[in-house]
Every structure is written in structure tokens, then in C-alpha cells.
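Open the model in your viewer and keep the sequence panel beside it. This tour tells you what to select at each stop and what you will find there.

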Amino acid sequence: MQKLLTCLAACSTFAFAACSTEPKTEPKTDIQYETSSLDKLPFVFKMTVQQGNIITEEMVDRLEPGMTKSQIRYLMGTPILTDLFHTNRWDYTYTIRRGHEKTEIKRLTLFFEDDSLVKVQGDMRPDPERAAQREPADLLVSVPDWEDKRGFLAKAASTVGLEPAESEPAPPPNDLPQDF
């Protein structure tokens, strides 16, 4: 009986500790959120969470002054943040949190004048040298020469080696009645 009470006391202590929360702050932000003490345990699985537009170096290197809004929308995607009062500013934000690691935040702000790009701000900047070093990827597509219109059983028979002998094609059916 004493072992049972000790076990119950230990389980309830662990359960209450798991429910307790403490404020946690991320660097460079004023956002506070509460986490469970179970989040700190290494064996608890935490899913990777991505939010926003994915921003890669290739995409940023392809940005050039004078590009139109439609060209940038095609290249970068629709911006996450567009301000109704400042339509000449587009903000791209990408966050990713992998498991127990800290959240990575990438920000990119584009400024326009008369529907053309004039300024880029943010964590990543266009680098023409880096873009020149990157080799263009050749797109190679293989297209089959012919289409095999045989049925499943014919394909299976030819695979096994039981392919029927070639015969003359049957004459086309006569659609006219035989009474004439």
C-alpha cells in the first residue's frame, strides 16, 4: 500500500509539473508565449513548422532594379504583407522552426516606384557575383519515341517470353449489309 501511495504522489507531482508554464521570449522580438515544461524534454517530438514565403539565395540573386511587380510576383510569389496605405512596399517573411532549435526568421522588403523595383532591404541582398558563379541548370527531358498500346496481358506475356507469333492483320469489318 505504501508503494502505491508513493507511486501516486510521484505521478501527480510529475503531472502538475507538466502543466506548469513559464514565459519565454525569443531573441529580437517582443513576443512572449508560454510553453510546457514537457517541451524541454529531448525525447518529445516537435514538428518542423514553416510559415510565409520561402526565400532562397537564388531567388534574391535574380532580383534586378527596374523589374516590374508582375515579374517579381512570378519570381518570389505573392508577398505575405501588403499595406493598403503603402502599395509601393512589399514585405516577404519566412520563418522555420525545426524541432527544438530556435526559430529562424528571414525578412525581405522590396520598394517600388512607378511599378518598378528600386530598393531591396532585409536579411539577404542580391549578389551578382554569387549569381554568376552559379551554373545554369540544364533541363533535360526524355520523351519516349513510341507509345505501347498493348494490353496488360500482352505486355506480361512478352515480358515472360510467351509472346504470340506475328500474324497478318485482320481485314477491316464491312459495314454494308450482306443482302446486296
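The stops below go from the whole chain to the core, then to single residues, salt bridges and a surface patch.

**Stop 1: the whole chain**

Keep in mind that this is a predicted model. Show the chain as a cartoon. Its secondary structure comes to five helices and seven strands. Trace the elements from the N terminus: they run α-β-β-β-α-α-β-β-β-β-α-α.

Now switch on the surface. The chain exposes about 15300 Å². Carbon and sulfur atoms supply 58% of that area. Of the 180 residues in the chain, 18% are buried. Sequence distance is worth a look too. Take the contacts between residues at least 6 apart in sequence: 43% of them join residues at least 24 apart.

**Stop 2: the largest nonpolar core**

In soluble globular proteins, nonpolar side chains tend to be buried together. Here, the largest nonpolar core has 18 residues. Select I55, L63, I72, M76, Y92, L108 and L110 and show them as sticks; these have the most contacts inside the core. Next, colour the elements that give two or more residues to this core: α2, α3 (69-76), β5 (89-97), β6 (104-113) and β7. Which element gives the largest share? It is β5, with four residues.

**Stop 3: Y92**

Stay in the core and centre on Y92, one of the residues with the most contacts inside it. Leave aside the neighbours within four places in sequence. Y92 is then in contact with N53, I55, I72, M76, G77, T78, P79, K106, R107, L108 and L110. Four of the names on that list to highlight are I55, I72, L108 and L110, which are also among the best-connected core residues.

**Stop 4: N53**

Step from Y92 to its contact N53. N53 lies in the loop between β3 and α2. Is this loop residue buried or exposed? N53 counts as buried, because its relative accessibility is 11% and the cut-off for buried is under 20%.

Now look at the polar end of the side chain. A polar atom there lies 2.9 Å from the backbone oxygen of T78. Beyond its neighbours within four places in sequence, N53 is in contact with M76, G77, T78, P79, I80, Y92, T93 and Y94.

**Stop 5: L117**

Select L117 in strand β7 (residues 116-122). L117 counts as buried, at 4% relative accessibility. Add G66 to the selection. The two residues are 51 residues apart along the chain, yet their C-alpha atoms are separated by 4.8 Å.

Then show the other contacts of L117. Neighbours within four places aside, they are L63, E64, P65, G66, M67, I72, L110, F111 and F112. L63, I72 and L110 on this list also appear among the core residues from Stop 2.

**Stop 6: salt bridges**

A search of the whole structure finds four salt bridges. Start with R130 and E57. Their closest N and O atoms are 3.7 Å apart. R130 lies in helix α4 (residues 128-133) and E57 in helix α2 (residues 57-61), so the pair ties together parts that are 73 residues apart in sequence. R130 counts as partly exposed, at 24% relative accessibility. E57 is also partly exposed, at 44%. Add D61 to the view: E57, D61 and R130 are linked in a network of salt bridges.

Move on to D91 and R89. Their closest N and O atoms are 3.1 Å apart. What is the burial state of each partner? D91 is buried, with a relative accessible area of 15%. R89 counts as partly exposed, at 36%.

Next, select R98 and E104. This salt bridge brings the closest N and O atoms to 2.7 Å apart. R98 counts as partly exposed at 38% relative accessibility, and E104 is partly exposed at 35%.

**Stop 7: a nonpolar surface patch**

Finish on the outside. Select F45, M47 and V49 and turn the surface back on. Together they make a nonpolar surface patch of about 360 Å². Zoom in on F45, found in the loop between β2 (32-36) and β3 (49-52). F45 is exposed, with a relative accessible area of 70%; the cut-off for exposed is over 50%.

Key:
Residues numbered from 1 in each chain as written. Predicted model: local features only at pLDDT ≥ 70, side-chain atom pairs only at ≥ 80, totals over all residues. Heavy atoms only, no water. Buried < 20%, exposed > 50% of the residue type's maximum accessible area, 1.4 Å probe, protein only. Contact = heavy atoms within 4.5 Å. Areas by Shrake-Rupley, 256 points an atom, 1.4 Å probe, with all protein chains shown as cover. Patch = residues over 30% accessible without salt bridge, like charges linked within 9 Å, V, L, I, M, F, W, Y side chains within 5 Å. Salt bridge = Lys/Arg side-chain N within 4 Å of Asp/Glu carboxyl O. Core = buried A, V, L, I, M, F, W, Y, C linked by side-chain atoms within 4.5 Å. Polar contact = N/O pair within 3.5 Å; in protein donor to acceptor, adjacent residues only side chain to side chain.
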